[in-house]
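Below are my notes on the structure you sent. They are set out as numbered points, to be read with the structure open.

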Amino acid sequence: MIQIQQVLGLPVLLQSGRRVGRVKDIRFDEFWSLSGVVLDHRVWLRKAYKVVHWNDVVSCGPDAMFIRDNAEITIVDKKRLLRTYHTGVIQLKDMPVYTKEGLRLGDITDVYFKETAGKQIIGYELTDGFLADVMEGRKRLFLPDQPENVVIGENALIVPASYERVLERDQTRKVTGEDG
């Protein structure tokens with residue numbers, strides 16, 4: 001399983017070993033499938049970013065990402081960087097998640113992908129704020145195989161009411177108050 005927070009900041013290398021930048025952000029298409037990687041190097045004197053399409057990524061490991069060659073890097077105007085994790089016009093980070101009945105489940109802090117499931121989002125990590133994260137842990141919302149009832153809008157993610165029952169708590173972040 002790939003988490004966006006683990007990919008951000010990874011060095012991006014050519015197969016020859018030359019570094020071309022670091023992962024600044026993840027880009028999505030209009031169906032919210034992973035479509036590319038935004039590099040940390042902006043184009044000089046322009047409001048544009050260097051982007052590598054996800055199909056041109058050869059491998060993405062825990063310590064580095066490899067792309068085929070330098071020709072795979074394209075220039076995208078900042079205004080055309082529509083859907084991203086945290087730098088585009090529409091951003092998933094901190095987007096609130098509501099059920100169709102109006103219950104707020106939390107805000108998105110991370111996004112999950114499964115390498116074998118293609119480029120589709122399979123789940124989200126949600127927060128209710130710092131204190132709730134410390135006391136109760138963050139929540140994970142994994143989507144079913146057919147997430148056609150999920151609506152990702154400009155300002156909110158809307159899920160069926162039944163998704164409230166499938167929330168999981170990440171107990172690793174919980175402070176128990178016990179020593180050790």
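**Notes on the fold, the core and the charged pairs**

1. The protein has two helices and 17 strands. Please keep in mind throughout that this is a predicted model.

2. Some overall figures come next. The protein has 180 residues, and 43% of them count as buried. It exposes about 10200 Å², of which carbon and sulfur atoms supply 48%. Among contacts in the protein with a separation of 6 or more, 50% are between residues 24 or more positions apart.

3. The largest nonpolar core contains 38 residues, and the members that touch the most other members are Leu-92, Val-111 and Ile-121. Several elements each supply at least two residues of this core: helix α1 (4-7) and the strands β2 (11-14), β3 (19-28), β4 (34-42), β7 (65-67), β12 (104-113), β13 (121-127) and β16 (157-159). There is also a second, separate core of five residues, and it includes Val-38, Tyr-49, Val-51 and Leu-81.

4. Ile-121 deserves a look on its own. Which residues does Ile-121 contact, leaving aside its neighbours within four places in sequence? They are Phe-28, Trp-32, Leu-92, Val-111, Tyr-112, Phe-113 and Leu-143. Leu-92 and Val-111 in this list are named with Ile-121 as the core members that touch the most others.

5. Now the aromatic rings. The count comes to three aromatic pairs. In one of them, Phe-28 and Trp-32 have ring centres 5.4 Å apart; their planes are at 45°, so the pair is tilted. Phe-28 has a relative accessibility of 3% and counts as buried. Trp-32 is buried too, with a relative accessible area of 6%.

6. Phe-28 also pairs with Phe-113. Is this pair stacked or tilted? The ring centres are 6.2 Å apart and the planes are at 20°; planes under 30 degrees apart count as stacked, so the pair of Phe-28 and Phe-113 is stacked. Phe-28 is in strand β3 and Phe-113 in strand β12, and the pair links parts of the chain that are 85 residues apart. Both Phe-28 and Phe-113 are buried. Ring pairs thus join Phe-28, Trp-32 and Phe-113 into a cluster, and each of these three residues is on the contact list of Ile-121.

7. The charged side chains come next. Side chains of opposite charge can pair when their charged atoms come close. How many salt bridges are there? The count comes to four. One of them joins the side chains of Arg-104 and Asp-107, with an N to O distance of 2.4 Å. Arg-104 is partly exposed, its relative accessible area being 43%.

8. Another salt bridge is formed by the side chains of Glu-125 and Arg-138, at 3.2 Å from N to O. Glu-125 lies in strand β13 and Arg-138 in strand β14 (residues 138-142), so the pair ties together parts that are 13 residues apart in sequence. Are these two residues buried or exposed? Glu-125 is buried, and Arg-138 is buried as well.

9. Strand β14 takes part in a further salt bridge, through Lys-139. The partner of Lys-139 is Asp-128, and the closest N and O atoms are 2.9 Å apart. Asp-128 lies in the loop between β13 and α2 (130-136), so this pair ties together parts that are 11 residues apart in sequence. The two partners have different labels for exposure: Lys-139 is buried, with a relative accessible area of 8%, whereas Asp-128 is partly exposed, at 42%.

10. Gln-3 is in strand β1 (residues 2-3). Why does Gln-3 count as buried? Its relative accessibility is 17%, and buried means under 20%, so Gln-3 falls on the buried side of the cut-off. Not counting residues up to four places away in sequence, Gln-3 touches Asp-110, Val-111, Tyr-112 and Glu-125. Glu-125 is the residue that forms a salt bridge with Arg-138.

11. The last point concerns Thr-99, which lies in strand β11 (residues 96-99). Thr-99 counts as buried, at 4% relative accessibility. Apart from neighbours within four places in sequence, Thr-99 is in contact with Leu-105, Ile-158, Val-159, Pro-160 and Ala-161.

Note on methods. Residues are numbered from 1 along each chain as its sequence is written. This is a predicted model: local features need pLDDT of at least 70, side-chain atom pairs count only at pLDDT 80 or more; totals for chains, interfaces and linings use all residues. Side-chain values use heavy atoms; hydrogens and water are left out. Helices (H or I, at least four residues) and strands (E, at least two) are DSSP runs, numbered from the N terminus. Buried means under 20% relative accessible area, exposed over 50%, partly exposed in between (1.4 Å probe, protein chains only). Contact means heavy atoms within 4.5 Å. A nonpolar core is a set of buried Ala, Val, Leu, Ile, Met, Phe, Trp, Tyr and Cys residues joined through side-chain atoms within 4.5 Å. Rings of Phe, Tyr and Trp (its six-membered ring) pair if their centres lie within 6.5 Å; planes under 30 degrees apart count as stacked, over 60 as edge-to-face and the rest as tilted. Accessible areas come from the Shrake-Rupley method with a 1.4 Å probe; for residues, only the protein chains shown count as cover.
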